[in-house]
Amino acid sequence: MGNIDDFYKEVLKFIPEDRVSRDEAVLYSYATDLSSPPGVATIPPVVVLPESVEEVRELLMAADRFRVPVVPSGRGANIAGLSVPHQEGEIVVDLRRMDRILEVNTDAAYAVVEPGVTHHQMSSMARAHGFIQHLPTATGGASTVANALMRPSGNLSAKWDPDPVISLEVVTPSGQVIRTGSASFGTAGWRARYTPFPDLTGLFACSYGTLGIVTKAAIKLHDRGEEERLLITKWNELPPVVDFIKLIIRRNVADSCTFWNWTWNMFHSLMHSRTEELPAVMMKEDQKNPPPGVPFGIASARLSGYREVVDAAEKTAIRLARERGGEYMPEDELKQVHPGSWEYLHSYFIQGIHPKPGEEATMRKAMWLPGWLINAEPKAILELEKFMWEFARKEAKPPYMFRILPFNHAREFFFAFVILIAGTLDKEKEYMLHLKSVYKTLYHELLKKYGAVMFRFRQDPSFLALTGPYGELLRQIKAIVDPNNIMHPGVNLF
Amino acid sequence: MSNGIKLHERLYRFGTMCVRCEGCTYGYKNADFELVCPIHKKYKFFTYSLGGLVQLGRALYEGRLGLTESVSSVVYSCMSCGACGEMCAEVDYPDIMQLQHELRARLVEAGQVPYELTAVIEGLKKEDNMLGEAKADRGKWAEGLEVKDVTKEKAQVYFHAGCRYSFDKDLWPSVRGAVGLLKKAGVDVGIAGANETCCGGRAYEMGYQAELTKYAENNMELLKTAEIKTVVTACSDCYYAFKVLYDMTGKKGDVEVFHISEYLDRLIKEGRLMPSRNVDMTVTYHDPCHLGRKVEPWLRQKGIEEGQVYEPARSVLKSIPGLKLAEMKRNRANSWCCGAGGGVIDSNPEFTIETAIERIEEAKATGADAMVTACSWCRRAFSDALEASKGTLKVIDYVELVEKAL
């Protein structure tokens, strides 16, 4: 690691002092995110706020020369510790000031944006132009680019394909500014991810800033359609709903469809309430069976297109649900049983606005511990669900909750299982540490037993090792792109 | 777990649970996600947001960080406008503002306060007002008004002018007008003149908690002696202190507290005041933080319906014939602060002016002829900003506009 004082002086030559901080209070505030409890991440020695590609380029070249490790951060909202320092001496490059929407191409339906642009900015822009964008379940203040580069699960992750990214502009530690996809030609615009050459956009996706800093991204926009509708069906068990979702997605009846178990629906209502504690019914020992009058779970489908098509889609989806033991749940019934779910789902699926609040935090009610986030084939989901109940019964305390949705059309499903900790960090530290430790080995077990792959990288280098030559090639690429290993080394991807 | 500063467990918990979503910095749907946090806009780093502040609170509580000048500069940079608490759906405002108040109190104990604020507090201790003016001059604003002095004779309603209105001559017409309106409506009103003291609210927000207790006791003693059960004030900071802070600290008792806008709304609805003259202009209304989102969560706990606190002021404006109200994009809970709060007008007046100019520009964008406000501190901030920027937008006190309509 190089001399941080010299590096700091160097940075001040091209970035003004008010955007380069060594102030103690500033540094401490960049040392934590939701992944940090019960510990904290490392305190960065410097935080920089670049405002242009040129500043990012100068910054990375300086960091490379001075051997100063860099943690790129879109807006900093992260639950997996991917945008906070983990190693001594890692500086944070906070990209929030690069927050411009540079181009909205309504003809080809995409927008070129900087990494500091939030989902909320994107939502406003998209709505203004009659579009909807892929909205991940991250918070509205999170970076669209950073989220899009981490394979988001979201409101459009089925019919419209799960990958919202088309092409990128990336700055590497050597100072190269690379554009991928059609943008690589300079005159072809940002419209296409694939050209006659290998796809480099894919290389930078899920690289978590270890190969360079993404300074622009072309993000897909989708036509809202003449009609947008939320269809809710209620279910008393999981197998038929998985079948239902598979069918309506494969046959393009719905844009997307998500199943939420009953505790998750209660959680939605809780998010909008001002209650201090988790309700007793959520804490009940038997988490599998809901209280009377509450369905085991609901499936929320987004339908859009021409009015006649949406009418037919709705009718078809209801028929398919009934044939499998599900039932249509009218809006009023949903509002009555799960008022929060109605508000959440309508905002998220129809308005294309991330609901307030972000679901990652519950603050006064409980601590959120990101649980398993995995992708698996549809049939494996049913096995995973059984495994999950058993695991939770053995290792965790109520409440826990899960949701599933088709991720890669219906070839695989995204499965999220979350444990809420109803207590303070002081009191539940040991429990939290216990859960974190069991999660670590769990991903390996799930891969082995069910072919389930972790959805998002969790700082576990042993996982890449499982990929054999694939991982080796990635390491070789990393060595070429970042020979001094300055890009986010503490995240442990390589 | 704590090896650091004293902090309520719940406040510490916020620090362990913040997801850094930055919901605290921008207005929600109705404001089209525009920034509402002045410090975040100015200082740019995440640190300068509620999210950043709770991280500092956590580090201080855990003893990883001390009460240093660096911490002080962040904590005191904030205008305490309360937008963050309103926007962050995970916390309730009284709690999260409490975090800032507690951090500031600890900084006061550690002697880490911007010196400009210590000067203000010295002035307060000596002269019982936030402007450091001679206390004997406090009642001069009311000279010639022929209004009762509650320290000498009985009155049903006590009109509390507040420090800024009492000493800022430019603003005297507002308080004189307020008393005039009350008298016109037949309200048995009195003032305390030179015997009026500060409410203690601004000192409390600067971290001087003992001053709140002292002035709450002074003021409540005055009311008790005068056998007064109704307080009306034109100052939104005083309103917040009497209505919320005194209640939170158990000093309020059974006294009813009104802002002049609320009281005028009542008088108009009762038919005791009838705006009948045409006021042919378009105005936009600036919601003072202390008359809106800073009191709203507390009132909600007392059973007031969410959002209702913003309505009386608008209701009065709507009752004026010919007057058109054009709302700014950031209004009510999403309102952009004038920049004068939290002691910033004293410690960093340039920042106040910068913040006020942004609001003035937003007001101008509505096409309104004037911006109306109902707070002495907002008025001062806007007037200073207009002078500094050579702006031409009219800023009118609420009361003056009602006077025109009668």
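At which residue does H13(A) bend, and by about how many degrees? In this predicted model, where local features need pLDDT of at least 70, side-chain atom pairs count only at pLDDT 80 or more, and totals for chains, interfaces and linings use all residues, H13(A) bends by about 35° at Tyr431(A), the bend being the angle between axes fitted to the seven residues ending there and the seven starting there. Residues are numbered from 1 along each chain as its sequence is written, and chains are lettered from A in the order in which they are written.

Helix H13 of chain A covers residues 425-450 and spans only 33 Å between its end C-alpha atoms, whereas a straight helix of 26 residues would span 38 Å, the expected span being 1.5 Å times one less than the number of residues. Helices (H or I, at least four residues) and strands (E, at least two) are DSSP runs, numbered from the N terminus. Just after H13(A), Gly451(A) takes a positive phi of about 65°.

The domain bounds of chain A come from an automatic or database domain assignment.

| Domain of chain A | Residues |
|---|---|
| domain 1 | 4-95 + 483-491 |
| domain 2 | 101-223 |
| domain 3 | 227-454 |

The contact between domain 1 and domain 2 of chain A takes 20 residues from domain 1 and 23 residues from domain 2, where two residues are in contact if their C-beta atoms, placed from the backbone, lie within 7 Å. On the side of domain 1 of chain A that touches domain 2 of chain A, H3(A) gives the most, with 7 residues.
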